[in-house]
Amino acid sequence: MGKLVDSLTCELQGIVLSLEMLLQAFTNACDMNLSREAFLVCDCSAAIDMILHRESYGRISRQMFRILQLAKSLKDIQVIVHLAWVPSHCGIVANEEVDKLAKIAAEDAFHDRILASSVISLSAAFKVSSEIAQESWQAKWDQEPAVFFTRLLIPEVNTKVLFPRNYDAGISYCRLLLNDTMLREDSFRTGVSDTPMCKCGMEHESAEHFLFRCAEHHSARSVMIRGGTGREFRRIPDPGTRPLLPGRIRVVAGSGYLI
Ligand SMILES: [Zn+2]
């Protein structure tokens, strides 16, 4: 394959090789009673999606073009190929063997023990650089002491966060995510409040107390437990965005309380 390729291109190349072997086997087969169905298993859902949706990064890749060619040739000789996803390392002997051989070949190419191309395609370059950027961002996020609490809520970088439509609830929500609210426990710590106790008298007014235990916000909490319509959110910035701790926003908005 080459030294500078991304994992998806390698998976697609594996499918190309499998289809070529299938085509050769069925073309050479003399037994006319042989089943014309074949099952191809792959543990890469991104590669399967790309084939099913004929997708590529902008323009069709060399591997996708070859896969379409081979699919047509197999169809012409009435061979039906079923492409199925399997979880990786689930004990399928051939799948494990292929994985092992691919790793050995990649190691050999990396250490110049076998000849491999150093040319990288544009799509592979984008993919590889995006993976490097993501890894470096994650490493920085994992080591930053100032984001300790927020990291417990959002462990992975590049997680899209939904924000509430209500402006005040949005501010409170951000403060909750940053663990720096106007609740009495935090205010007492910063010298703004005389006491950390909640006015209900039960315990310190922490985020947990406010969200889960305070009797003053019982009705807003029952809305959180029942769940809601999700209309209180606006999407930022794309359709892949998902709500983060949506119930908390409902309590924040339902309580009418800026925290
Ligand atoms: Zn309370």
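**Exercise 1.** In this predicted model, determine which handedness the crossing of α1 and α3 has, and where the two axes stand in distance and angle.

*Solution.* Begin with the handedness: α1 and α3 cross in a left-handed sense. Next take the geometry, in which the axis of α1 and the axis of α3, a helix covering residues 62–76, come within 9 Å and cross at roughly 25°. Because angles under 35 degrees count as roughly parallel, α1 is roughly parallel to α3.

**Exercise 2.** List residues that make the contact between α1 and α3, and say how they divide by character.

*Solution.* On the α1 side, the contributors include Thr 9, Leu 12, Ile 15, Val 16, Leu 19 and Leu 23. On the α3 side, Gln 63, Met 64, Arg 66, Ile 67 and Leu 70 are among them. Sorted by character, the residues of this contact comprise 10 nonpolar, 4 polar and 2 charged.

**Exercise 3.** Identify the residues of the largest nonpolar core and the elements that supply them.

*Solution.* The core has 8 residues, namely Leu 12, Ile 15, Leu 19, Leu 23, Cys 42, Ala 47, Met 50 and Ile 67. Two or more of these come from each of α1 (7–28) and α2 (45–52), and α1 gives the largest share, with 4 residues. A second core, separate from this one, has 5 residues, including Leu 183, Cys 198, Leu 211 and Cys 214.

**Exercise 4.** Find the residues in contact with Ile 15, leaving aside its neighbours within four places in sequence.

*Solution.* With those neighbours set aside, Ile 15 is in contact with Leu 40, Cys 42, Ala 47 and Ile 67. Of these partners, Cys 42, Ala 47 and Ile 67 also belong to the largest nonpolar core.

Notes:
Residues are numbered from 1 along each chain as its sequence is written. This is a predicted model: local features need pLDDT of at least 70, side-chain atom pairs count only at pLDDT 80 or more; totals for chains, interfaces and linings use all residues. A nonpolar core is a set of buried Ala, Val, Leu, Ile, Met, Phe, Trp, Tyr and Cys residues joined through C-beta atoms within 7 Å. A residue is buried if 20 or more other C-beta atoms lie within 10 Å of its own, exposed if 12 or fewer, and partly exposed in between; C-beta atoms are placed from the backbone. Two residues are in contact if their C-beta atoms, placed from the backbone, lie within 7 Å. Axes are lines fitted to C-alpha atoms, for helices over the stretch in contact, and angles run from 0 to 180 degrees between N-to-C directions. Angles under 35 degrees count as roughly parallel, over 145 as roughly antiparallel, 65 to 115 as roughly perpendicular and the rest as oblique. A crossing is left-handed if the near helix is turned anticlockwise from the far one by less than a right angle, and right-handed if clockwise. Ala, Val, Leu, Ile, Met, Phe, Trp, Tyr, Cys and Pro count as nonpolar, Asp, Glu, Lys and Arg as charged, and the others, Gly among them, as polar.
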